[in-house]
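Reader: Put the model up first, please. Then I'd like to go through it with some quick questions.

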Amino acid sequence: MVRGSIGRLASRALSVGGKWQHQQLRRLNIHEYQGADLMGKFGINVPKGAVVGSVQEVKEVLKNVFPSEKEIVVKSQILAGGRGLGTFKSGLQGGVHIVKAEEAESLAAKMLNQVLVTKQTGPQGKVVGKVYLCEKMSLVNEMYFAITLDRQTAGPLIIACSKGGTSIEDLAEKYPDMIIKVPVDVFKGITDEDAAKVVDGLAPKTADRQSSIEQIKKLYELFCKSDCTMLEINPLAETADKKLVAADAKLNFDDNAAFRQKEIFALRDTTQEDPREVAAAKADLNYIGLDGEIGCMVNGAGLAMATMDIIKLHGGTPANFLDVGGSASEGQVVEAFKILTSDDRVKAILVNIFGGIMKCDVIASGIVNAAKQVDLKVPVVVRLEGTNVDQGKRILKESGLTLITAEDLDDAAEKAVKAYAK
């Protein structure tokens, strides 16, 4: 349930032409089984589980980890929410099942290496490379718990609700009075009083109060020491043996902390990411893949957004957000063109550069070199202005490339849309 929750806190979206677009955010997202393993290291109660990548591994896990279990929870592992209600392209309904132990092997075989489509993956879905086998726990109550970063209080904010198992948006609509928010002083850290407020808001029915307070403090410790941007547990459950258990969790980590969280960032699964975004990150480019037809290469996020808006104003749809930044090298420009041209949906490319720190001649040289390395089969519209603009225009003119030049942004967007329409 958790990977479909806390939508406003866990993800952002760009809406272009009324279509939902995934926005790349510079933060690490890890699989459920990886999150459970990390929480276990901090002393947080999690279900016993083991991850498998093949049918043979399922047999071994059932024999060695769950020798006496009658029922097993089988969870497909993808970096997207809504797995339980998702559908495999093979026809199998649901990415999370509770089955008899003897049925786990055949079910895992139907999930592994198959494409699961959920409300968060888009119609293309994601390939299930791993399956997480967990013990079936006897849950007597389900609650909601999350820690995120709050602008208003300038620190961590704990969100809790005595109801759980469904998205925080649904909970906020149905039970607004049951949701509590406890800000934590980032300098003092979480106090017993803070943790007690959270436990009171969760209102556990059977779990020991002091043990529950300690679990909340451990969750906060994990959040801070691991440089999380979000930690969400849905449900945070009570078991028949009076324990709080993180039955399902989602964790995001601040990419700026990668230098000191090497073990955590080694968990990154690039197979679950857009390969264009992976390539862009390696080239230190800010790229977000969209669903349009006009590829954009711009310097500066504000100018990039304005470029996308004006493309739309003239009847086109941007295929991406791509900000090369203010100090891009010629090599980065070449990589940017490779990424743009790797998208089969791109029917035209618009380069919009306002040179300040970024020099127009560097962009121009990058375009020329990219054309030598990449088979440009789509029209390219170029608008250059600012530092070394005359040198940049001369480089493009002397290159012999068939380019469409534009005088300003409005002219460039109009010409890009017309070039695509042809």
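**Cavities, helices and odd backbone spots**

Reader: What volume does the largest cavity have?

Author: This is a predicted model, so local features need pLDDT of at least 70 and side-chain atom pairs count only at pLDDT 80 or more, while totals for chains, interfaces and linings use all residues. Residues are numbered from 1 along each chain as its sequence is written, and side-chain values use heavy atoms, with hydrogens and water left out. A cavity here is a set of points on a 1 Å grid over the protein atoms alone where a 1.4 Å probe fits but cannot get out; points join across faces, edges and corners, and the volume is the space filled by probe spheres set on them. For the largest cavity, that volume is about 50 Å³.

Reader: How many cavities of 30 Å³ or more are there?

Author: Besides the largest one, at about 50 Å³, the second largest cavity holds about 30 Å³ of space. With the 30 Å³ threshold, the number of cavities is 2.

Reader: Which element gives the most residues to the lining of the largest cavity?

Author: The lining (residues with an atom within 4 Å of a point) is made of E32, A36, M39, P47, Y132, C134, A246, A247, D248 and A249. Two elements give two or more residues each, strand 10 (130-135) and helix 2 (32-41); these are DSSP runs numbered from the N terminus, H or I of at least four residues for helices and E of at least two for strands. The most, 3 residues, comes from helix 2.

Reader: How many charged residues line the second largest cavity?

Author: Its walls are I44, N45, Q215, I216, L219, L236, L244, V245 and A246, and helix 7 (209-225) and strand 15 (244-246) each supply two or more residues. I'm counting Ala, Val, Leu, Ile, Met, Phe, Trp, Tyr, Cys and Pro as nonpolar, Asp, Glu, Lys and Arg as charged, and the others, Gly among them, as polar. For comparison, the largest cavity has 8 nonpolar, no polar and 2 charged residues in its lining. In the second largest, 7 are nonpolar and 2 polar, and the charged ones number none.

Reader: What span does helix 12 reach from its first C-alpha to its last?

Author: Helix 12 covers residues 360-373, 14 residues in total. The expected span is 1.5 Å times one less than the number of residues, which comes to 20 Å for this helix. In the model, its end-to-end reach is close to that, at 20 Å.

Reader: Which elements are among those covering the buried residues of helix 12?

Author: Buried means under 20% relative accessible area, exposed over 50%, and partly exposed in between (1.4 Å probe, protein chains only). On that scale, C360, I363, A364, S365, G366, I367, V368 and A370 of helix 12 are buried. Their cover, judged by contact (heavy atoms within 4.5 Å), includes helix 11 (330-341), strand 20 (348-355), strand 21 (380-386) and helix 13 (389-399).

Reader: How many disulfides does the structure hold?

Author: A disulfide is counted when two cysteine sulfur atoms lie within 2.5 Å. C296 is buried at 2% relative accessible area, but its sulfur is too far for a bond because the closest cysteine sulfur, in C360, is 17 Å away. The count of disulfides is 0.

Reader: Which residue follows N234 across a cis peptide bond?

Author: Omega for that bond is about 10°. The residue joined to N234 sits in strand 14 (residues 228-239); it is P235.

Reader: Is A154, with its positive phi, buried or exposed?

Author: Phi of A154 is near 55°, a positive value in a residue other than glycine. A154 lies in the loop between strand 11 (139-150) and strand 12 (155-161). Its relative accessibility is 63%, so A154 counts as exposed.

Reader: Where is K242 found?

Author: K242 is another residue other than glycine with a positive phi, near 65°. At a relative accessible area of 52%, K242 is exposed. Its place is the loop between strand 14 and strand 15.

Reader: What percentage of the chain's residues count as buried?

Author: The chain has 14 helices and 22 strands, and its C-alpha atoms fill a box of roughly 75 × 50 × 40 Å along the principal axes. Among contacts between residues at least 6 apart in sequence, 70% join residues at least 24 apart. Of its 422 residues, the buried share is 50%.

Notes:
On a 1 Å grid over the protein atoms alone, a cavity is a set of points where a 1.4 Å probe fits but cannot get out, and a pocket is an open set with protein on both sides within 12 Å along at least five of seven lines; lining residues have an atom within 4 Å of a point.
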